[in-house]
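Me: I have a model to go through and want the reason behind each label. Please take the labels one at a time.

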Amino acid sequence: MPLTATPAWQALQQHRDATRELNLNTLFAQQPDRFERFSLSLNGLLFDFSKQLVTEETLRRLVALARQQRLPERIEDLFGGKKLNITEDRPALHTLLRDRSIYSVNEDGEAVSSQVQRVMDQMRPFVDKVRSGQFKGFTGETIRDFVHIGVGGSDLGPGLACHALDPGEPGPINMHFVSAMDGVQIVDILKQLKPETTAFIVTSKTFTTSDTMANADKARAWLVAACPDEAKACKQLIGVSVNKAAMTAYGVPASQQFEFWHWVGGRYSLWSSVGLSVALYLGMHTFEGLLHGAFIADQHFRTAPLEQNIPVIMALLHVWYLNFCKCGTRVVLPYTSCLKYLPDYLQQLEMESCGKSVTNEGETVSVETSAVIWGEFGPNGQHAFYQSLHQGNQIVPADFIMVCKAPRGDNHDQHLLATANCIAQSQALMTGKSEEEVRAQLQREGVDPNKIEKLLPHRMYPGNRPSSTIVLDELTPKTLGMLLALYEHKVFTQSMIWDINPFDQWGVELGKQLSKRMYEELCSGETSSYYDASTKGLMGYFRQHQE
């Protein structure tokens with residue numbers, strides 16, 4: 001039976017038809033305690049969804065949909081190690097990386113928890129060695145600069161965490177990130193560094209990713225040019241990968257090869273040895289704090305009733321707006337610049353996971369499964385796209401994210417300013433500004449009455465724009481870990497509602513395959529008859545106009 005024909009879906013569609021005229025201002029007037037009714041807390045995190053265009057009845061029907069789709073059973077399947085990634089015949093065990101005690105899953109005759117513990121035990125002494133200044137370059141000088149080379153999940157998670165939790169004071173090492181395949185980023189960074197005191201963390205699941213390995217080749221050649229003893233130069237390479245043989249062939253010393261596993265998806269890999277850069281830059285205690293925060297979110301997701309389960313409610317609201325209210329996009333608006341990379345991280349997490357058009361059974365999905373996720377550091381967005389959020393014709397549900405305690409530095413007043421803007425913007429989206437309010441304001445300003453009537457339609461705000469606000473008491477490794485894991489579980493919940501596989505990404509592969517062939521032909525000067533006229537034309541134009 002198509003999802004749209006199921007009883008719970010039909011009930012929600014009827015409810016949507018009956019509640020099209022819901023108004024947030026009216027809902028708050030009818031329920032003075034709406035904030036208390038429509039907010040949930042978890043260990044230093046508040047999730048306020050009182051400004052969403054839903055009622056208790058909406059939530060009841062959404063939860064009924066989750067139960068119909070067997071969400072509680074699927075949550076247990078996730079934590080129990082069931083092979084939910086059916087197209088690759090793998091479990092999705094990223095939660096094991098946060099709590100190894102609950103798993104008895106075996107792989108190649110060894111408990112997976114033992115494999116994870118072994119790598120953690122390898123990371124600790126290496127992190128101590130680096131941060132204590134004992135990791136030396138080929139001239140005997142201490143390595144002070146590390147360049148993390150990765151792309152996608154191998155870049156976004158570590159980059160987000162290092163920036164978000166940076167104390168803002170000089171530490172024992174510097175961390176740089178390179179992901180761009182065009183070579184500009186790596187060249188610009190190498191200009192600032194010395195090969196004698198620089199090491200590279202090459203992070204690639206297969207150790208064959210073209211983007212990553214192109215940058216790694218450039219870095220390796222840079223080291224070898226400065227130290228003709230190739231084996232000695234390669235001691236400044238660190239590898240993070242599933243493919244140990246490829247790391248060895250590349251020259252990465254065995255003691256500097258940090259393993260992770262096929263069952264760790266790229267967008268869930270921060271919690272594995274891919275987070276080595278976080279541990280090196282900020283300390284092993286910071287990395288373990290991230291894991292602990294994620295574990296708290298895991299336990300909440302697994303044990304809290306659906307009606308009080310933060311990621312479940314987040315997901316059901318997403319389903320409500322995407323599938324019933326036809327809002328095809330959602331914006332993420334952090335109001336601390338420490339989280340400015342969060343929208344990029346969530347964009348990959350959600351769109352790579354849920355951008356699917358077939359069910360687990362291979363049937364066409366009968367509903368939309370992936371909103372367009374985007375966003376920006378809130379104050380920057382206010383001077384860019386908020387005009388559209390407030391007065392545009394398309395309604396865009398928003399996630400505001402704010403922090404109570406100023407994350408770093410002596411910036412209390414400016415932190416208050418950012419917080420005031422965050423709360424005010426969510427209020428403005430909700431309340432809008434009526435014709436009467438605009439007229440009264442213009443009259444107070446002494447505007448000519450004839451001009452007032454012309455200005456009215458331009459100065460009015462429709463309001464009734466929905467948003468949630470997530471508030472962290474403080475931005476710490478624990479609360480950041482919680483935040484990211486809650487969004488992970490939100491995505492999982494959505495996928496279970498839609499009956500899709502959130503753990504594969506076959507849509508990424510075709511472009512990779514075509515680009516490999518294209519690269520070879522651009523290098524050789526050939527043009528295959530395989531290509532369409534547009535592709536041939538673009539290749540020809542590029543060749544003609546290359547310098």
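The turns below deal with aromatic pairs, charges over rings, cysteines and burial.

Reply: Note that this is a predicted model.

Me: How many aromatic pairs are there by the rule used here?
Reply: The count is 18 aromatic pairs.

Me: Why is the pair of W9 and F324 called tilted?
Reply: The ring centres of W9 and F324 are 4.5 Å apart, and the limit for a pair is 6.5 Å. Their planes stand at 35°. Stacked needs under 30 degrees and edge-to-face needs over 60, so the W9 and F324 pair is tilted.

Me: What makes this pair a link between distant parts of the chain?
Reply: W9 is in helix α1 (residues 7–18) and F324 in helix α14 (residues 310–324), with the two positions 315 residues apart.

Me: How do you know whether W9 and F324 are buried or exposed?
Reply: Buried means under 20% relative accessible area. W9 has 4%, so W9 is buried. F324 has 3%, so F324 is buried.

Me: What makes the pair of Y530 and Y531 edge-to-face?
Reply: The angle between the planes is 75°, and edge-to-face begins over 60 degrees. The centres of Y530 and Y531 are 5.5 Å apart, within the 6.5 Å required of a pair.

Me: Why is Y530 called partly exposed?
Reply: Y530 has 49% relative accessibility, which falls between the 20% limit for buried and the 50% limit for exposed, so Y530 is partly exposed. Y531 has 8%, so Y531 is buried.

Me: Why is R34 said to sit over the ring of F38?
Reply: The charged end of R34 is 4.1 Å from the ring centre of F38, and the limit is 6 Å. R220 lies over the face of Y250, at 5.2 Å from the ring centre.

Me: How do you know that C422 is in no disulfide?
Reply: A disulfide needs two cysteine sulfur atoms within 2.5 Å. The nearest cysteine sulfur to that of C422 belongs to C404, 10 Å away, and C422 is in no disulfide. The whole structure has zero disulfides.

Me: Which label does C422 get, buried or exposed, and which does C523 get?
Reply: C422 has a relative accessible area of 1%, under 20%, so C422 is buried. C523 has 53%, over 50%, so C523 is exposed.

Me: Why is Q348 called buried, and what does Q348 touch?
Reply: Q348, in helix α15 (residues 342–354), has a relative accessible area of 14%, under 20%, so Q348 is buried. Leaving aside residues up to four places away in sequence, Q348 touches G152, G153, L156, R267 and S353.

Notes:
Residues are numbered from 1 along each chain as its sequence is written. This is a predicted model: local features need pLDDT of at least 70, side-chain atom pairs count only at pLDDT 80 or more; totals for chains, interfaces and linings use all residues. Side-chain values use heavy atoms; hydrogens and water are left out. Rings of Phe, Tyr and Trp (its six-membered ring) pair if their centres lie within 6.5 Å; planes under 30 degrees apart count as stacked, over 60 as edge-to-face and the rest as tilted. Helices (H or I, at least four residues) and strands (E, at least two) are DSSP runs, numbered from the N terminus. Buried means under 20% relative accessible area, exposed over 50%, partly exposed in between (1.4 Å probe, protein chains only). A charge sits over a ring if NZ of Lys or CZ of Arg is within 6 Å of the ring centre and within 35 degrees of the ring normal. Contact means heavy atoms within 4.5 Å.
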